[in-house]
Amino acid sequence: MTTSRDTAQETWAWAPVILLVTAFIQYYGASIAVHLFAVASVLAVGWGRAFSGSLMLLAWRRPKIDVRSAAGRRALIGPAILGVALVSTNLIFYLAIARIPLGTTVALEFIGPVILALVAGRGWRVRLAVVFAVSGIFMISWVGVDLNAPGVAAGIVLAILAGLFWATYMYMGRRLTVEANGFDSLAIGMFIGSLVYLPVVLPDLPVIFGDAKILGLVVLVGLLSSVTPYVGDMVIMKRINAGTFALLNSLLPAASLLVGIIFLKQIPTPGELGGLVLITIAVALANYPGNSLQRKTSAKQNPDV
């Protein structure tokens, strides 16, 4: 007979696989977005991704929204924070990949989630994993990067800023997944976040909505890079806590580098490859059997334990 403990262990074992598959899909969508930058503004493409993704999620979930009561309006605060953080991450990330390689951008983003992991995690293995993750990020991000090249310095700053918003999204996503319906909160939040940024991108939208092919590609990017990975995030975050999720996300630079090589012809430097080894070690430490963080997560997610 399958117990709740067995289910939790199975879900934990499959979490890296789910994350990697959705990551490849997500970064393939990003590679399409990079090509769209030649015909539409970066912010318009990023906003179109978030807005179309939110509409797909709303059509799927059909969440109940009550703005007439004070309690209903208060219930929207958490999803709004989640959505603004998420759309901010998307837009700033796109501004970064328009200037520096995809793999480098993703690696630099990890400064935010790694800080979150350091704060949320417990036990010496988690702390050591953070050290390896930070070292890997340093290797990928800085070795071979020419700060004097046009746009590179700005791209690095933007990638780090995207990481800070990403950490906020991860924290709020975990909280809302535990306290409320994560899928509904994600759908509502993405829509609110899109509305917040609408005045900023409004002048650039005619290019997208005036061309059926461009619009179709933007919607495809929304499906690949917003709906698929964030639904995967919510599934995973129901089983593991924010610190562990942050370290598991260290798999993403490897996926982004591979996508960059295949679809954008962005060849990684030896430093980037060395960084991937360090990040792999970090992920192994985070998944080590008996990890105090893992035990804490299992106990929290399984009332029968």
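A cavity here is a set of points, on a 1 Å grid over the protein atoms alone, where a 1.4 Å probe fits but cannot get out; lining residues have an atom within 4 Å of a point. Grid points are joined across faces, edges and corners, and a volume is the space filled by probe spheres set on the points. By this definition, a search of the whole structure finds two cavities of 30 Å³ or more.

The structure on screen is a predicted model, in which local features need pLDDT of at least 70 and side-chain atom pairs count only at pLDDT 80 or more, while totals for chains, interfaces and linings use all residues. Residues are numbered from 1 along each chain as its sequence is written, and side-chain values use heavy atoms, with hydrogens and water left out.

**Whole chain**

Begin with the protein chain in a cartoon view: it holds 15 helices and zero strands. These elements are DSSP runs numbered from the N terminus, helices being H or I over at least four residues and strands E over at least two. Next, colour the chain by accessibility. Of its 305 residues, 51% count as buried, a class that means under 20% relative accessible area, with exposed over 50% and partly exposed in between (1.4 Å probe, protein chains only). A contact map adds that 87% of the contacts between residues at least 6 apart in sequence join residues at least 24 apart, where contact means heavy atoms within 4.5 Å.

**The largest cavity**

Select Gln26, Tyr27, Trp166, Tyr230 and Leu252. Of the 18 residues that line the largest cavity, these are the closest to its centre. The space inside amounts to about 220 Å³. Now show α1 (4-36), α4 (77-97) and α11 (212-237), each of which supplies at least two lining residues. The most comes from α1, with six residues. By class, the lining has 10 nonpolar, five polar and three charged residues; Ala, Val, Leu, Ile, Met, Phe, Trp, Tyr, Cys and Pro count as nonpolar, Asp, Glu, Lys and Arg as charged, and the others, Gly among them, as polar.

**The nonpolar cores**

Which residues have the most contacts inside the largest nonpolar core? Select Tyr27, Phe93, Tyr94, Leu102, Tyr169, Leu186 and Leu252, within a core of 76 residues. Such a core is a set of buried Ala, Val, Leu, Ile, Met, Phe, Trp, Tyr and Cys residues joined through side-chain atoms within 4.5 Å. Helix α8 (residues 152-179) gives the most to this core, with 11 residues. Another core, of five residues, lies apart from it and includes Ala107, Ile140, Leu276 and Ile279. In soluble globular proteins, nonpolar side chains tend to be buried together.

Then centre on leucine 102. Beyond residues up to four places away in sequence, leucine 102 touches Tyr27, Ala30, Phe93, Ile97, Ser256, Val259, Gly260, Leu264 and Gln266.

**From α2 to Val219**

Serine 52 is the next selection, in helix α2 (residues 42-61). Serine 52 is buried, at 9% relative accessible area. A polar atom of its side chain lies 3.2 Å from the backbone oxygen of arginine 49. Not counting residues up to four places away, serine 52 touches Val218, Val219 and Gly222.

Move along α2 to methionine 56, which is partly exposed at 26%. With neighbours within four places set aside, methionine 56 is in contact with Val219, Gly222, Leu223 and Val227. Its C-alpha atom is separated by 9.4 Å from that of valine 219, although the two are 163 residues apart along the chain.

**From α4 to α9**

Serine 88, in helix α4, is buried at 1% relative accessibility. Leaving aside neighbours within four places, serine 88 is in contact with Phe165 and Tyr197.

Glycine 193, in helix α9 (residues 182-201), is buried at 0%. Not counting residues up to four places away, glycine 193 touches Gly83, Val84 and Val87. The C-alpha atoms of glycine 193 and leucine 86 are separated by 7.5 Å, with their positions 107 residues apart along the chain.

**Two loop residues**

Most residues other than glycine have a negative phi. Finish with arginine 62, which has a positive phi of about 50°. Arginine 62 lies in the loop between α2 and α3 (70-74) and is exposed at 70% relative accessibility.

Lysine 265 also has a positive phi, of about 60°. Lysine 265 sits in the loop between α13 (252-264) and α14 (270-286) and is exposed at 64%.

Notes. On a 1 Å grid over the protein atoms alone, a cavity is a set of points where a 1.4 Å probe fits but cannot get out, and a pocket is an open set with protein on both sides within 12 Å along at least five of seven lines; lining residues have an atom within 4 Å of a point. A polar contact is a pair of N or O atoms within 3.5 Å; within protein, one must be able to donate a hydrogen and the other to accept it, and residues adjacent in sequence count only if both atoms are side-chain atoms.
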